[in-house]
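Trainee: I should like to learn how to read the features of a protein model, one at a time. Would you take me through this one?

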Amino acid sequence: MSKFQVLNHPLIQHKLTIIRNKHTGTKVFREVANEIGELMVYEITRDLPLKDIEIETPMGKSTQKVLAGKKLAVIPILRAGLGMVDGVLELIPAAKVGHIGMYRDEKTLQPHEYFVKLPSDIDERELFIVDPMLATGGSANMAIEALKKRGAKHMRLVVLVAAPEGVKAVQDAHPDVDIYAASLDERITDSGYIFPGLGDAGDRLFGTK
């Protein structure tokens with residue numbers, strides 16, 4: 001079974017409350033969603049491997065630590081996942097960016113893939129799949145399946161808010177993919193949204209209705 005972890009850092013929790021508030025406007029919502037993405041990836045990357053190199057400081061030669069060549073990529077699930085990419089790149093500017101486009105049928109609530117564009121060496125990279133919401137798990141599962149089909153081996157799913165149903169769905173379908181969330185919310189409403197949730201993250205990020 002994959003690991004599911006809620007990141008309870010006080011700054012993450014404070015900023016999540018800001019974007020939950022229905023009175024928060026598009027500009028602030030967008031900025032804070034990116035800030036949360038940055039803080040979450042900071043927490044998640046604690047286990048990245050290090051290696052020793054020799055450098056010269058102003059005082060002389062010294063052996064110090066650098067990242068051990070781990071290649072990273074961030075993969076937003078379009079379109080709402082775009083709202084977390086800049087935050088990740090702020091922390092890891094050398095990361096490549098891929099895109100997976102999904103839309104949800106409003107009647108069946110089922111996801112449909114419409115666009116996939118990925119770095120060519122996807123099989124060599126540690127992937128951070130980002131999406132603000134993990135509701136039913138349908139889009140996340142389809143995105144993970146699309147990545148595996150194209151050779152991806154190492155993936156982590158990073159979401160702002162998750163519903164228990166979505167966490168279970170991803171863990172059942174992809175027990176090799178760890179899930180990180182800023183919050184585990186109560187449930188999914190009859191209309192398919194997470195409660196208390198954020199509302200429609202895509203609309204709130206881009207000012208659309």
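Mentor: Certainly. Please keep in mind that this is a predicted model. Let us begin with helix α2, in which Phe29, Val32, Ala33, Asn34, Ile36, Gly37, Met40, Val41, Glu43 and Ile44 are buried.

Trainee: What covers the buried residues of α2?

Mentor: The cover includes α1, α3, β8, β9, β10 and α6. As for dimensions, α2 has 19 residues, and its first and last C-alpha atoms lie 27 Å apart, close to the 27 Å expected at 1.5 Å a residue.

Trainee: Asparagine 34 appears in that list. Why does asparagine 34 count as buried?

Mentor: Burial is judged from relative accessible area, and the limit is under 20%. Asparagine 34 counts as buried because its relative accessibility is 13%. This residue belongs to helix α2, which runs over residues 26-44. Beyond its neighbours up to four places away in sequence, asparagine 34 touches Gly83, Met84, Val85, Asp86 and Gly87. The C-alpha atoms of asparagine 34 and leucine 198 are 14 Å apart, with their positions 164 residues apart along the chain.

Trainee: How should I read the packing of α1 against α2? At what angle do they pack?

Mentor: One looks at the angle, the distance between axes and the handedness. For α1 and α2 the angle is about 155°, and the axes are 9 Å apart. An angle over 145 degrees counts as roughly antiparallel. The two helices, α1 and α2, are therefore roughly antiparallel to each other. The crossing of α1 past α2 is left-handed. On the α1 side, the residues that meet α2 are Leu11, Ile12, Lys15, Leu16, Ile18 and Ile19. Their counterparts in α2 include Phe29, Val32, Ala33, Ile36 and Met40.

Trainee: Which residues touch the most other members of the largest nonpolar core?

Mentor: The general idea comes first: in soluble globular proteins, nonpolar side chains tend to be buried together. Here the largest nonpolar core has 35 residues, and Ile19, Ile36, Met40, Leu160 and Leu198 touch the most other members. At least two residues of this core come from each of α1 (10-20), α2, β4 (72-78), α3 (85-91), β8 (126-134), β9 (154-162), β10 (178-184) and α6 (201-206). The most is given by α2, with seven residues. Isoleucine 19 itself touches Phe29, Val32, Ala33, Ile36, Leu160, Leu198 and Arg204, leaving out residues up to four places away in sequence. There is also a second, separate core of 25 residues, which includes Ile75, Leu118, Leu147 and Val170.

Trainee: Is valine 130 buried or exposed?

Mentor: Valine 130 counts as buried, at 1% relative accessibility. It lies in strand β8. Apart from neighbours within four places in sequence, valine 130 is in contact with Val74, Ile75, Pro76, Ile77, Gly81, Met84, Val85 and Val158.

Trainee: Let us turn to α4. How far apart are its end C-alpha atoms?

Mentor: They are 16 Å apart, which agrees with the 16 Å that the 12 residues of α4 (residues 138-149) should span at 1.5 Å a residue. In α4, the buried residues are Ala140, Asn141, Ala143, Ile144, Ala146 and Leu147. The axis of α4 comes within 9 Å of that of helix α5 (residues 164-173), and the two cross at roughly 25°. They are therefore roughly parallel to each other, and α4 passes α5 in a right-handed crossing. At this contact, Ala140, Asn141 and Ile144 in α4 meet Ala169, Val170 and Ala173 in α5.

Trainee: What should I look for in the backbone angles?

Mentor: Most residues other than glycine have a negative phi, and most peptide bonds are trans. Glycine 151, which follows α4, has a positive phi, near 105°.

Trainee: Which peptide bonds are cis, with omega near 0°?

Mentor: One is the bond from leucine 78 to arginine 79; arginine 79 is placed in the loop between β4 and α3. Another is the bond from phenylalanine 195 to proline 196, and proline 196 lies in the loop between β12 and α6.

Trainee: Where does glycine 192 lie?

Mentor: Glycine 192 is in the loop between β11 (187-188) and β12 (194-195). With a relative accessible area of 4%, glycine 192 is buried. Its C-alpha atom is 7.7 Å from that of threonine 136, although the two are 56 residues apart in sequence.

Conventions: Residues numbered from 1 in each chain as written. Predicted model: local features only at pLDDT ≥ 70, side-chain atom pairs only at ≥ 80, totals over all residues. Heavy atoms only, no water. Helix = DSSP H or I, 4+ residues; strand = E, 2+ residues; numbered from the N terminus. Buried < 20%, exposed > 50% of the residue type's maximum accessible area, 1.4 Å probe, protein only. Contact = heavy atoms within 4.5 Å. Core = buried A, V, L, I, M, F, W, Y, C linked by side-chain atoms within 4.5 Å. Expected span 1.5 Å × (residues − 1). Axes fitted to C-alpha atoms, helices over the stretch in contact; angles between N-to-C directions. Parallel < 35°, antiparallel > 145°, perpendicular 65-115°, else oblique. Left-handed = near helix turned anticlockwise from the far one by under 90°.
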